[in-house]
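Here are a few exercises to work through with the model open in your viewer. Try each one before you read its solution.

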Amino acid sequence: MTKKPLIGLSGRRGAGQMLGAPRGFADAPLDIYMSEYATSVQRAGGVPVHVALDCVAEEIVEHLDAVVFSGGEDVDPRRYGAAPGPHTAAIDPHRDRFELELFHAAMARGLPILGICRGAQLINVARGGSLIQHLEIGSGQSHASYAYPRAHRVHAVTLEAGSTAAALYGASVTVNSFHHQAVDRPGDGVIVTGRADDGVVESFELAGLPVLGVQWHPEVFGGDPVFDWLLDTVRTRATTQNPPRSTIGAEEAA
């Protein structure tokens with residue numbers, strides 16, 4: 001019996017005080033994963049796997065069929081040759097290091113990759129690109145505003161014909177917006193496929209590779225096609241390449 005694909009989900013690290021932990025546990029480390037990523041993967045037919053920051057990237061990817069890089073803190077500007085500015089939010093060097101290692105390890109194995117918000121930015125940085133460090137609230141599409149509910153679609157994104165994103169959404173899609181940074185200089189092989197009306201990059205893919213980045217948060221929409229794309233890409237890869245991870249060893253056991 002063919003097993004469902006295992007989809008790795010990146011997360012972040014916090015402390016017990018974030019949950020009002022009692023004295024003695026306020027500094028206890030927490031691994032934090034927004035549940036909508038897992039729900040979206042499950043709905044699309046995959047098994048979500050939360051990937052701890054303590055994993056060894058090269059080891060964990062041997063057990064995964066795809067990786068989703070989630071949202072979160074700013075990527076350290078020093079990773080793309082800049083310095084933190086006055087609007088730089090909290091930086092987690094441990095997360096940056098691990099996720100960059102995880103991206104390269106997943107790429108080396110040819111795993112499908114989906115980057116969401118920070119995850120998309122991280123992919124661009126991993127490919128040698130840079131980021132716009134701050135988008136002012138009230139300018140352009142006011143991308144960083146938190147005034148609306150998370151699932152409210154606030155602005156349109158125009159998508160390039162022939163792109164993966166256009167195949168999923170059509171010529172345009174209306175999205176939510178919760179980011180104060182965005183792709184500036186595209187990295188090696190990064191093809192911009194979607195922009196907001198103010199020119200801010202909203203989607204991209206890597207030339208010839210199963211990698212897609214979106215700047216909005218599709219996980220909150222309750223069945224966004226980008227997760228179907230991820231699982232469909234896993235299944236296609238399984239039928240055209242070596243036996244998928246979930247069936248390795250099955251012949252030996254038979």
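**Exercise 1: cysteines**

This predicted model comes out with zero disulfides. Find how exposed C55 is and whether C117 is buried or exposed.

*Solution.* Start with the bond itself: a disulfide joins the sulfur atoms of two cysteines covalently. For the count, the cut-off is a pair of cysteine sulfurs within 2.5 Å, and the total by that rule is zero. Next, look at the surroundings. C55 has a relative accessible area of 29%, so that makes it partly exposed. C117 has 6% relative accessibility and therefore counts as buried.

**Exercise 2: the largest nonpolar core**

Work out which residues touch the most other members of the largest nonpolar core, and which element gives the most to this core.

*Solution.* Step one: the core has 31 residues, and those touching the most other members are V61, V67, F69, L102, F103 and I113. Step two: go through the elements that give two or more residues, namely α2 (57-60), β5 (66-69), α3 (93-108), α4 (118-126), β11 (190-196) and β12 (201-206). Of these, α3 gives the most, with six residues. Step three: zoom in on I113. Skipping neighbours within four places in sequence, its contacts include V67, F69 and F103, plus P210, W229 and L230. Finally, don't mix this core up with a second, separate one of 29 residues, which includes C117, A166, F221 and F227.

**Exercise 3: helix α4**

Why is α4 described as largely enclosed by the rest of the structure?

*Solution.* Check the helix residue by residue. The buried ones are R118, G119, A120, Q121, L122, I123, N124, V125 and A126. That's nine of nine, so α4 is largely enclosed by the rest of the structure. Then look just past the helix: α4 is followed by G128, which has a positive phi, near 90°.

**Exercise 4: a buried acid**

Locate E219, then find which side chain of opposite charge is nearest to E219 and which side chains make polar contacts with E219.

*Solution.* First, E219 sits in the loop between β13 (211-214) and α6 (225-240). Second, E219 is buried, and R150 is the nearest side chain of opposite charge, at 5.9 Å. A salt bridge would need the charged atoms within 4 Å, and E219 has none. Third, turn to polar contacts: the E219 side chain pairs with the H217 side chain at 2.7 Å and with the Y37 side chain at 3.4 Å. Last, leaving out residues up to four places away in sequence, E219 touches E36, Y37, S40, I116 and F227.

Note on methods: Residues numbered from 1 in each chain as written. Predicted model: local features only at pLDDT ≥ 70, side-chain atom pairs only at ≥ 80, totals over all residues. Heavy atoms only, no water. Core = buried A, V, L, I, M, F, W, Y, C linked by side-chain atoms within 4.5 Å. Buried < 20%, exposed > 50% of the residue type's maximum accessible area, 1.4 Å probe, protein only. Helix = DSSP H or I, 4+ residues; strand = E, 2+ residues; numbered from the N terminus. Contact = heavy atoms within 4.5 Å. Lys, Arg positive; Asp, Glu negative; His and termini not counted. Polar contact = N/O pair within 3.5 Å; in protein donor to acceptor, adjacent residues only side chain to side chain.
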